[in-house]
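Here's a quick tour of a protein model, written for someone just starting out. Have a look at the structure first, and then we'll go through it topic by topic.

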Amino acid sequence: MTEATDATPVTERTPLVELDDVSKYYGNIRALEGVSLEVHAGEISCVLGDNGAGKSTLIKIIAGLHRHDAGGFRIEGEDTRLGSPREALDRGIATVYQDLAVVPLMPVWRNFFLGSEPTKGVGPFKRMDVDLMRETTRAELLRMGIDLRDVDQPIGTLSGGERQCVAIARAVYFGAKVLVLDEPTAALGVKQSGVVLKYVAAARDQGLGVVLITHNPHHAYLVGNRFVLLKRGVMSGSYAREEITLDDLTREMAGGSELDDLRHELEGR
């Protein structure tokens, strides 16, 4: 990795990922404008917003799918313009999307190594090292506190929360420094959401920087260290945990002053 310049020396408090007034446009359409975000090792930065707030665009910029049009994007202090998701992965940024991109009928261990299968043997005798994949998958899941009954079962038989947890463990195993999670609890019940949040916190405790994309302020406040609120592509608020209460975060998420205006209008009628 290229060393940071003298103007941005790497220190212990240098963010793993930093967006500074980042904007993205699609023709005349403003997808993001002036959004800033810091992701530190061992912390969870939560990005909150309703549908259409710009969360998906932000994910795509961090994940290397799209390049930003304005502002600064730095990885460990180095100005960066990612050209592809592969480049993002090589820089230690792993993104777990809501649909997970798993193959439901394949066993858990095969999905764990999908696209990065270790092999043994040479020449015509070269083949996947199935035993290593099975053992590694079981060990890595246990290290994250995930005790699956059988890593040979099809991943499609797992609950939504369990599949999310496997994806998190996979990212940790393959050396991610930054883990971006796209609405990991959106389609889950209360109990499964709690399980996923526990493993999100476990990834944080192992020193990863986590970006948690969500529309649920209660889930965000349970684990988050920093909160960025998006509204129609613009950052409507940015807070450290000690600067905002759950009630205030929920109010801001619900519309803040706009909600007050609506209440007054309805009361007037």
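Is N111 buried or exposed? N111 counts as buried, because its relative accessibility is 7%, and buried means under 20%. Keep in mind that this is a predicted model, so take what follows as a reading of that prediction.

**Around N111**
- You'll find N111 in helix 3, which covers residues 108-112.
- Setting aside neighbours within four places in sequence, N111 is in contact with V102, V103, M106, I155 and R170.

**Aromatic rings**
- Next door in the numbering is F112, and F112 counts as buried because its relative accessibility is 0%.
- The aromatic pairs in this model come to 7.
- In one of them, the rings of F112 and F174 have centres 6.4 Å apart and planes at 35 degrees, so this pair is tilted.
- F112 belongs to helix 3, while F174 sits in the loop between helix 5 (160-173) and strand 9 (178-182), so the pair ties together parts that are 62 residues apart in sequence.
- Unlike buried F112, F174 counts as partly exposed, because its relative accessibility is 37%.
- Ring pairs also build a cluster out of F112, F113, Y173 and F174.

**A charge over a ring**
- Now look at R241: its charged end sits over the ring of Y221, 4.2 Å from the ring's centre.

**Helix 1**
- Helix 1 runs over residues 55-62 and is mostly covered, with 6 of its 8 residues buried.
- The buried ones are K55, T57, L58, I59, I61 and I62.
- Just after helix 1 comes G64, which takes a positive phi of about 85 degrees.

**Cysteines**
- How many disulfides does a search of the whole structure find? The count is 0.
- Why is there no bond from C46 to its closest cysteine sulfur? That sulfur is in C165, 17 Å away, which is too far for a bond, because a disulfide needs the two sulfur atoms within 2.5 Å.
- Looking from the other end, the closest cysteine sulfur to C165 is in C46, again at 17 Å and too far for a bond.
- C46 counts as buried because its relative accessibility is 0%, and C165 is buried too, with a relative accessible area of 1%.

Notes:
Residues are numbered from 1 along each chain as its sequence is written. This is a predicted model: local features need pLDDT of at least 70, side-chain atom pairs count only at pLDDT 80 or more; totals for chains, interfaces and linings use all residues. Side-chain values use heavy atoms; hydrogens and water are left out. Helices (H or I, at least four residues) and strands (E, at least two) are DSSP runs, numbered from the N terminus. Buried means under 20% relative accessible area, exposed over 50%, partly exposed in between (1.4 Å probe, protein chains only). Contact means heavy atoms within 4.5 Å. Rings of Phe, Tyr and Trp (its six-membered ring) pair if their centres lie within 6.5 Å; planes under 30 degrees apart count as stacked, over 60 as edge-to-face and the rest as tilted. A charge sits over a ring if NZ of Lys or CZ of Arg is within 6 Å of the ring centre and within 35 degrees of the ring normal.
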